[in-house]
Amino acid sequence: MSLTLNFLRDAPQGNNVYRANPVERRNYWRILLSCTVLLVAGGCRPAGQSIAETEVRLELTPNPPRVGTAQLALTLTDAAGQPLETDSLEVEGNMNHAGMVPVFATLRPTTAGRYEGSLEFTMAGDWFLLVSGQLADGRRIDQKIDVPGVQHP
Ligand SMILES: [Cu+2]
């Protein structure tokens with residue numbers, strides 16, 4: 001653990017940070033369900049509102065990424081820079097071509113708003129990661145992070 005953290009701290013700042021984009025949600029059942037729960041709790045936010053306010057930063061080790069096991073460190077904050085906390089985040093890794101078997105990872109919180117785990121890049125090329133989770137207040141996290149140019153080992 002400490003080895004990984006040291007490696008991340010020593011990495012050049014800004015050079016291994018990947019930006020995320022909100023994912024358009026197509027699962028209306030879940031929207032309906034979460035809105036129902038929120039209505040019971042006293043209010044329903046428009047679907048997607050929270051997603052635009054989310055700031056996601058991903059650090060990958062090694063950097064640049066290459067085929068094999070990658071350490072993921074993801075920080076999740078709101079528009080005001082406050083950490084967003086949840087028990088776990090799910091990551092699905094996929095590539096920009098058809099017929100690829102996706103890979104999965106579960107990220108666990110280390111400090112407030114920071115989540116870590118590992119993922120297996122199974123092929124060189126352009127990848128993207130779909131990050132999903134649910135905050136304690138019911139808001140969902142659905143973000144896409146492009147990870148282009150995963151190198152041969
Ligand atoms: Cu592939």
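## Exercises on an eight-stranded barrel

Let's warm up with one residue: Arg108 counts as exposed because it has 11 other C-beta atoms within 10 Å, and the cut-off for exposed is 12 or fewer. Keep in mind throughout that this is a predicted model.

### Exercise 1: Place Arg108

Task: Find the element that holds Arg108, its bridge partner in E6 and its contacts.

Solution.
- Step 1. Begin with the element: Arg108 belongs to strand E5.
- Step 2. Look across to E6, where Glu116 is the bridge partner of Arg108. E5 and E6 pair in the antiparallel sense, over two bridges.
- Step 3. Collect the contacts. Leaving aside neighbours within four places in sequence, Arg108 is in contact with Ser88, Tyr115, Glu116 and Gly117.
- Step 4. Go one strand further. Glu116 in E6 also stands opposite Ala73, and Ala73 in E3 stands opposite Glu59.
- Step 5. Check the distance. The C-alpha atoms of Arg108 and Ala73 are 9.5 Å apart in space, although 35 residues separate the two in sequence.

### Exercise 2: Visit the loop between E5 and E6

Task: Decide whether Ala112 is buried or exposed, and describe its surroundings.

Solution.
- Step 1. Locate Ala112 in the loop between strand E5 (103–109) and E6.
- Step 2. Count around it: Ala112 has 12 other C-beta atoms within 10 Å, so it is exposed.
- Step 3. List its contacts. Not counting residues up to four places away in sequence, Ala112 touches Pro83 and Glu85.
- Step 4. Compare sequence with space: Ala112 and Thr75 are 37 residues apart along the chain, and 8.7 Å separates their C-alpha atoms. Thr75 itself has Arg114 as its bridge partner in E6.
- Step 5. Turn to Gly113. In the hairpin of E5 and E6, with four residues between the strands, Gly113 takes a positive phi near 80 degrees. For background, most residues other than glycine have a negative phi.

### Exercise 3: Trace the barrel

Task: Work out the order in which the eight strands go round the closed barrel.

Solution.
- Step 1. List the elements. The protein chain has three helices and eight strands, and along the sequence they follow the pattern α-β-α-α-β-β-β-β-β-β-β.
- Step 2. Start with E1 (residues 17–22), which is joined to E2 by three bridges and runs antiparallel to it. Tyr18 stands opposite Leu58 of E2 here.
- Step 3. Move on to E3: seven bridges pair E2 with E3 in the antiparallel sense, and the two form a hairpin with six residues between them.
- Step 4. Step from E3 to E6, an antiparallel neighbour joined by eight bridges.
- Step 5. Complete the round. The order is E1-E2-E3-E6-E5-E4-E7-E8, a closed barrel with antiparallel pairing. From one strand to the next, the twist averages 30 degrees.

### Exercise 4: Spot the cis bonds

Task: Which peptide bonds in the loop between E2 and E3 are cis?

Solution.
- Step 1. Check Pro62, which is placed in that loop. The bond from Thr61 to Pro62 is cis, with omega near 5 degrees.
- Step 2. Check Pro64, found in the loop between E2 and E3 as well. Asn63 and Pro64 are joined by a cis peptide bond, with omega about 0 degrees.

### Exercise 5: Look into the core

Task: Which residues of the largest nonpolar core touch the most other members?

Solution.
- Step 1. Identify the residues: among the 23 in this core, they are Leu72, Leu74 and Val131.
- Step 2. See where core residues come from. Strands E2, E3, E4, E6, E7 and E8 each supply at least two.
- Step 3. Zoom in on Val131. Not counting residues up to four places away in sequence, Val131 touches Ala20, Val56, Leu74, Leu89, Val91, Ile141, Gln143 and Ile145.
- Step 4. Step back to the whole chain: 22% of its 153 residues are buried. Of the contacts between residues at least 6 apart in sequence, 64% join residues at least 24 apart.

### Exercise 6: Judge the confidence

Task: Where is the pLDDT below 50?

Solution.
- Step 1. Take the overall figure: the mean pLDDT of the protein chain is 78, and 71% of its residues reach 70 or more.
- Step 2. Find the weak stretches. The pLDDT is below 50 over residues 1–14, a stretch with eight contacts beyond near neighbours in sequence. It is also below 50 over residues 31–50, where the model has 15 such contacts.
- Step 3. Apply the general caution: where pLDDT is low, the predicted coordinates should not be read in detail.

How values were computed. Residues are numbered from 1 along each chain as its sequence is written. This is a predicted model: local features need pLDDT of at least 70, side-chain atom pairs count only at pLDDT 80 or more; totals for chains, interfaces and linings use all residues. A nonpolar core is a set of buried Ala, Val, Leu, Ile, Met, Phe, Trp, Tyr and Cys residues joined through C-beta atoms within 7 Å. A residue is buried if 20 or more other C-beta atoms lie within 10 Å of its own, exposed if 12 or fewer, and partly exposed in between; C-beta atoms are placed from the backbone. Two residues are in contact if their C-beta atoms, placed from the backbone, lie within 7 Å. Two strands pair if DSSP finds at least two bridges between them. Axes are lines fitted to C-alpha atoms, for helices over the stretch in contact, and angles run from 0 to 180 degrees between N-to-C directions. pLDDT is the predictor's confidence in each residue, from 0 to 100.
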